[in-house]
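Colleague: I have just opened this one and have not looked at it before. Could you walk me through it?

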Amino acid sequence: MASRVFALLIGIDDYKSGRIWNLEACADDVRRMKQWLIQDLHVPSSNIALLLNSEATRRRIEDTFMSHLVNNPAISQGDALIIYFAGHGSSMSAPRDWCEGNPRHVQVLCPYDHDTKGPEGRVAGISDRSLYAMLGELSAVKGDNITLILDCSFSSQQLAKTAHDRRGVRCTPTEKARKEDLFTGLWRGAIGKKFNGEHGFYQDDIQSHTLLAASKPDEMATEWKEGGRFTQEFLAMKKSIPLHQLKYFELSERLSPAGHVPQHPVCLGQHKGRIIFDGIPFVPDTNFVPVEGDKDGLRLHMGAIHGVVEGTEFSVHSHNRHGSVNPSLDSFRVYEVHPTWSLARRKSINKRGGRGSWARITRWNARTPFRVYTKKTFSSLFRRLFCRPTADDELHGIPVEEGLNIVEVENSTMADISVGVHSRDVRVQTLNHLAPPHRPVLRIEKKDRERSGLILDEAARYHMHLHRTNPENPFRDQIQMELYLVDPQTHGRVGHNLLLGGKAEITRKRGSSYSLILRNHSNTDLWPYLAFMDSNGVDINLLYHPRPSLSLPHLDSGFLKLFVSTSYTSLGILEQSSTPIQPAPPDIIVPRPPQLEHDLQEWDTALVVLNFSDATSSGRLERSA
């Protein structure tokens, strides 16, 4: 599922006009905002438009606003749209008949070319009237889940005369542009539309968006080298407050930027009672599963079919939302495993823990070893990573999760994966003997320390889920998969079953579709869960489960792994992707109906290999009844 968050981030430190005092931290604030969106809220970088310094001219800002937001076909009604501006604000004397309310001054955002000559006269910024007309147009086509964040201020009349006292203040006087320049630069869509300019950007009754401003209208927004005081506080808040529960007006009340200059953030708009961004980024995280019980013992809604074994450990948390701080409240270890659920007790009886209703696996205690080959140059680093009994082991600065039974081997022919740590990047390649021999190398920039560690963790989990089975094999030879080419016109099956002996050798044809049939030859009703495991990487996608989504991905060479169980559960925890997209919540676990402990539960697996050959596009798998 594509992310439902889009952002336009603007940061200007260096201005074209020599009369404007340059700033120090606006571009860095934008980069930190982007990092938060990508890492915490899982927004793809393609959903974020950045305009820094000389890129952020008035024309470029307006054009990007239209192309990236208003006319973007990827944005649907209700998606969360964020416009962030860090730079100078200013105010100018209002022309006669500028707008309703007869304001004395017009508030403007200062783009890179503010107060300089342009093709149509002097650039008089982006006025409050213009931006509100632009936001009105955006709201009309994409909905009112729009957040305008302004880390700037507009009280230029209060600025000190000396440059020393103006340092660190995100506000500047406008010296050359005149009243008529405001009309020249007015957004075309604002002509003829009502706008009460008495309060400038600070409109409390606005419906098109919600405003988060760094300071009150008569205050100064300030910065230091580390960043704008407002933006710093805003980004620091995510570490201490669960954002998925926070309303806009509560956010502004909790922000209190430190410093010697009074600065009080403001939240305005008719939707300030909403959860920030209307809760869109804070989707359920399938890595969390429900638990129930008391402080001494818990029932975990995961069992053997999920990969849980005796000794599996998990932490307990208060919620299951992405992008919202969620500290561990307690730790438990599994001592009794059933097909779809387990029993666990606290790891420490002496340490007091909190109550939570969601669990996250912290140690799988995997039985199957995950064999890693490293170049001789890095073998000592590998041993330091995996052989020390500490929780903060690293491979040349790359953090790796414990409990995945990772072992080092000396020969690549014995390995499941090879890892090379180079000067600029980490290179990871799967070496699974079941997969085709030629597989791409995943390259992760070395500075992306968190992503590098995540790839290694995902590779180990991929290997664990690929190879684990039920030793009892209760449905041996009773569950069957069949794969057929589909006629594009009739949507009927063409030819014979492509799966022979658990493997399909397929010659790709552009636009081809395939139908997969699952057959249950047992006398027991079974719940099916079908996962595609991409042999070109570490991605695992659920293609079919009891609550299927509407679309299926294009497939390449890999594995189809079928899980079946006699009672419903969720296998959403299996899914992982090497692409940082916002996860979809199609298969969130919900507490199952009460079931007697003596009710018989069974589970099993089946695995087939898909090998696509030639250079054309891969096939598309369709569901078949």
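Modeller: Below we go through the overall make-up, two of the sheets, a cavity and a few single residues, and please keep in mind that this is a predicted model.

Colleague: Fine. How many helices and strands does the protein chain have?

Modeller: The protein chain has 9 helices and 35 strands. Of its 625 residues, 54% are buried, and the accessible surface comes to about 28,600 Å², with 49% of that belonging to carbon and sulfur atoms.

Colleague: And what share of the contacts join residues at least 24 apart?

Modeller: If you take the contacts in the protein chain between residues at least 6 apart in sequence, 74% of them join residues at least 24 apart.

Colleague: Let's turn to the sheets. What is the order of the strands in the closed barrel?

Modeller: The closed barrel has 6 strands in the order 14-15-18-17-16-19, and the pairing is antiparallel. On average, neighbouring strands of this sheet are turned by 45 degrees against each other, direction ignored.

Colleague: Which strands does strand 14 pair with there?

Modeller: Strand 14, residues 288–293, is joined by 3 bridges to strand 19, residues 358–363, and these two run antiparallel; within that pairing, Phe288 has Arg360 as its bridge partner. Strand 14 also pairs with strand 15, residues 297–300, again in the antiparallel sense and over 3 bridges, where Gly293 has Leu298 as its bridge partner.

Colleague: What comes after strand 15?

Modeller: Strand 15 is joined to strand 18, residues 342–346, by 4 bridges, with the two strands running antiparallel, and Gly297 stands opposite Arg345 in that pairing.

Colleague: I keep clicking on His317. Is it buried or exposed?

Modeller: His317 lies in strand 16, residues 313–317, and it counts as buried because its relative accessible area is 5%, which is under the 20% cut-off.

Colleague: What does His317 touch?

Modeller: Leaving aside residues up to four places away in sequence, His317 touches Phe288, Asn326, Pro327, Ser328, Leu329, Gly356, Ser357, Trp358 and Arg360. Two names in that list, Phe288 and Arg360, came up a moment ago as bridge partners between strand 14 and strand 19.

Colleague: Now the open sheet. How is it ordered, and which strands are at its edges?

Modeller: The open sheet has 6 strands in the order 2-1-3-9-10-13, with mixed pairing. Its edge strands are strand 2 (48–52) and strand 13 (266–268), each of which pairs on one side only, and the twist averages 10 degrees from one strand to the next.

Colleague: How is strand 13 held to strand 10, and what packs on the sheet?

Modeller: Strand 10, residues 210–213, is joined to strand 13 by 3 bridges, and the two run antiparallel, with Ala213 standing opposite Val266. Helix 3 packs on the sheet, where it touches strand 3, strand 9 (146–151) and strand 10, and its direction makes about 155 degrees with that of strand 9.

Colleague: Different topic: how many cavities of 30 Å³ or more are there, and what lines the largest cavity?

Modeller: The count comes to 8 cavities of 30 Å³ or more, and the largest cavity has a volume of about 80 Å³. Its lining is made up of Leu8, Ile10, Ile61, Phe65, Ile83, Phe85, Leu109, Ile126, Leu131 and Met134. The elements giving two or more residues to that lining are strand 1 (5–11), helix 2 (58–70), strand 3 (80–86) and helix 3 (128–142).

Colleague: And Asp14, where does that sit?

Modeller: Asp14 is in the loop between strand 1 and helix 1 (26–39), and it counts as partly exposed because its relative accessibility is 41%. Not counting residues up to four places away in sequence, Asp14 touches Asn22, Asn53 and Tyr112. Asp14 and Leu52 are 38 residues apart in sequence, and their C-alpha atoms are 9.1 Å apart in space.

Colleague: Last thing: which residues other than glycine have a positive phi?

Modeller: Two examples are His42, with a positive phi of about 60 degrees, and Asn473, with a phi near 45 degrees. Most residues other than glycine have a negative phi.

Colleague: Where are those two?

Modeller: His42 is in the loop between helix 1 and strand 2 and counts as partly exposed, at 22% relative accessibility, while Asn473 is in the loop between helix 9 (449–467) and strand 27 (479–486).

Key
Residues are numbered from 1 along each chain as its sequence is written. This is a predicted model: local features need pLDDT of at least 70, side-chain atom pairs count only at pLDDT 80 or more; totals for chains, interfaces and linings use all residues. Side-chain values use heavy atoms; hydrogens and water are left out. Two strands pair if DSSP finds at least two bridges between them. Axes are lines fitted to C-alpha atoms, for helices over the stretch in contact, and angles run from 0 to 180 degrees between N-to-C directions. Buried means under 20% relative accessible area, exposed over 50%, partly exposed in between (1.4 Å probe, protein chains only). Contact means heavy atoms within 4.5 Å. Accessible areas come from the Shrake-Rupley method with a 1.4 Å probe; for residues, only the protein chains shown count as cover. On a 1 Å grid over the protein atoms alone, a cavity is a set of points where a 1.4 Å probe fits but cannot get out, and a pocket is an open set with protein on both sides within 12 Å along at least five of seven lines; lining residues have an atom within 4 Å of a point. Grid points are joined across faces, edges and corners, and a volume is the space filled by probe spheres set on the points.
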